Amino acid sequence: MSEADRRLSDESEQRFLDLYAHLLVYVNERFDVIEGIETVADLEQHYTDELLPLRNTLYNESTTDLIEDFVEQNPPELSEADLEQVAAWTDFVAGEFVAVRYRADDAIFLDWTEPPKAYAVRPARLPFTEVWDESALPVPVSSVVLLPFEDQIVYDGWIGVKNIIFGGSLSTDIDDEYEEAKHRFGIIDSLPVPEEDEKTDAEELRFYMKNKRNRERYASEIEQLRERTDELEWIYHQETGKARARSLGRELRELGLNEAYVAIYDDRIITSAPSESEVHELLEEIMPAGKVDHPYIYHFDP
């Protein structure tokens, strides 16, 4: 079984489909969307696409009220456990997403509104491979409804795939939003959506300095943070030095240099020596007071 085929267990999937079917029958009784549907058995005589107007009615009306009324009235006489599960669907998330990753047991759906969020989603009814191939990712999808179910997130089987090919700067933007979503919330694997993780200034600054795109995108935030404390100023210089060291290693190898320790400060090489202790001694002599530990010391070993 491929990653994209991973679904709920057969038992869980059937439970979800049964409960969802009962809810759709209730919606049909309220709004007379599709003639002749009075029971789940009637519902099962229709193709999924034929039921789309009924499903849309659920989310076009006052969804929360409909779900709460269904739970209160309980026309199919569901168990308390099943009613609790349906009641949790008031925490649904509906809208447009970008499917960005497949993992072992789910797919990651990115909501890149502000702030961006990334959801771990399992399919019920329709495997992802029947909607798109993994090689097509990232894929923009619309008319998606995410529902909490048994401490996971599922989508209900209806999904619209937009005919858009991502590339260039747009693909980069998606990657950036995905990284920010993970930084802010982690990968969301249950609903309701959790509160945004509280980040320390140091954690924020390290995220902003993580790569070149982040450093450019969050340039103003970086400047504001680095000036707050000596610790943040130190983190700024260490992260700047690490970033410079990645390209510096290639440059020094091309010059054919021997092993050395290199001090990088404000994206510049300010001194070097054969040993780390010698570099520290040189920094004691040349660095301004209070900043001797700011340079990042890179060990070049060809």
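**Exercise 1. Is T240 buried or exposed, and at what relative accessibility?**

Solution. Start with the ground rules. The model is predicted: local features need pLDDT of at least 70, side-chain atom pairs count only at pLDDT 80 or more, and totals for chains, interfaces and linings use all residues. Residues are numbered from 1 along each chain as its sequence is written, and side-chain values use heavy atoms, without hydrogens and water.

Step 1. Fix the classes. Buried means under 20% relative accessible area, exposed means over 50%, and partly exposed lies in between (1.4 Å probe, protein chains only).

Step 2. Apply them. T240 has 11% relative accessibility, so T240 counts as buried.

Step 3. Place the residue. T240 lies in helix α10 (residues 230-254). Helices (H or I, at least four residues) and strands (E, at least two) are DSSP runs, numbered from the N terminus.

Step 4. List the partners. Set aside neighbours within four places in sequence, and T240 is in contact with M209 and D267. Contact means heavy atoms within 4.5 Å.

**Exercise 2. Describe the overall form of the chain.**

Solution. Step 1. Count the elements. The chain has eleven helices and ten strands.

Step 2. Test the spread. The radius of gyration is 27 Å, well over the 19 Å that the globule rule gives for 302 residues, so the chain is more spread out than a compact globule. The radius is taken over C-alpha atoms; the rule is 2.2 Å times the number of residues to the power 0.38.

Step 3. Box the chain. Along the principal axes, the C-alpha atoms fill roughly 85 × 35 × 30 Å.

Step 4. Look at burial and contacts. Of the 302 residues, 44% count as buried. Among contacts with a separation of 6 or more, residues 24 or more positions apart account for 63%.

Step 5. Look at the surface. The chain exposes about 16100 Å², and carbon and sulfur atoms supply 43% of it. Accessible areas come from the Shrake-Rupley method with a 1.4 Å probe; for residues, only the protein chains shown count as cover.

Step 6. Compare the charge centres. The chain carries 29 positive and 69 negative charges, and their mean positions are 9 Å apart. Lys and Arg count as positive, Asp and Glu as negative; His and the chain ends are not counted. Each charge is placed at NZ of Lys, CZ of Arg, CG of Asp or CD of Glu.

**Exercise 3. Which elements does the salt bridge between R30 and D69 link?**

Solution. Step 1. Apply the criterion. A salt bridge is a side-chain nitrogen of Lys or Arg within 4 Å of a carboxyl oxygen of Asp or Glu. The closest N and O atoms of R30 and D69 are 3.3 Å apart.

Step 2. Locate the ends. R30 is in helix α1 (residues 10-31) and D69 in helix α4 (residues 63-73), 39 residues apart, so the pair links distant parts of the chain.

Step 3. Check exposure. R30 is partly exposed at 41% relative accessibility, and D69 is partly exposed at 25%.

**Exercise 4. Examine two further salt bridges, then the whole set.**

Solution. Step 1. Take D156 and R55. Their side chains meet at 3.0 Å, N to O. D156 sits in the loop between β5 (152-155) and β6 (160-161), and R55 in helix α3 (residues 52-60), 101 residues apart. Both residues are buried.

Step 2. Take R226 and E223. Their N to O distance is 3.5 Å. Both lie in helix α9 (residues 219-226), three residues apart, about one turn of the helix. R226 is buried at 15% relative accessibility, whereas E223 is partly exposed at 34%.

Step 3. Look for shared partners. Salt bridges join E114, E177, E180, R184, E196 and R217 into one network. The whole structure has 19 salt bridges.

**Exercise 5. Find unusual backbone geometry.**

Solution. Step 1. Check omega. A cis peptide bond joins E114 and P115, with omega about -5°. P115 is in the loop between β2 (107-111) and β3 (117-123). Another cis peptide bond joins L137 and P138, with omega about 0°. P138 is in the loop between β3 and β4 (139-149).

Step 2. Check phi. S143, not a glycine, has a positive phi near 55°. S143 is in strand β4 and is partly exposed at 47% relative accessibility. D266 also is not a glycine, and its phi is positive at about 55°. D266 is in the loop between β8 (260-265) and β9 (268-273). D266 is partly exposed at 31%.
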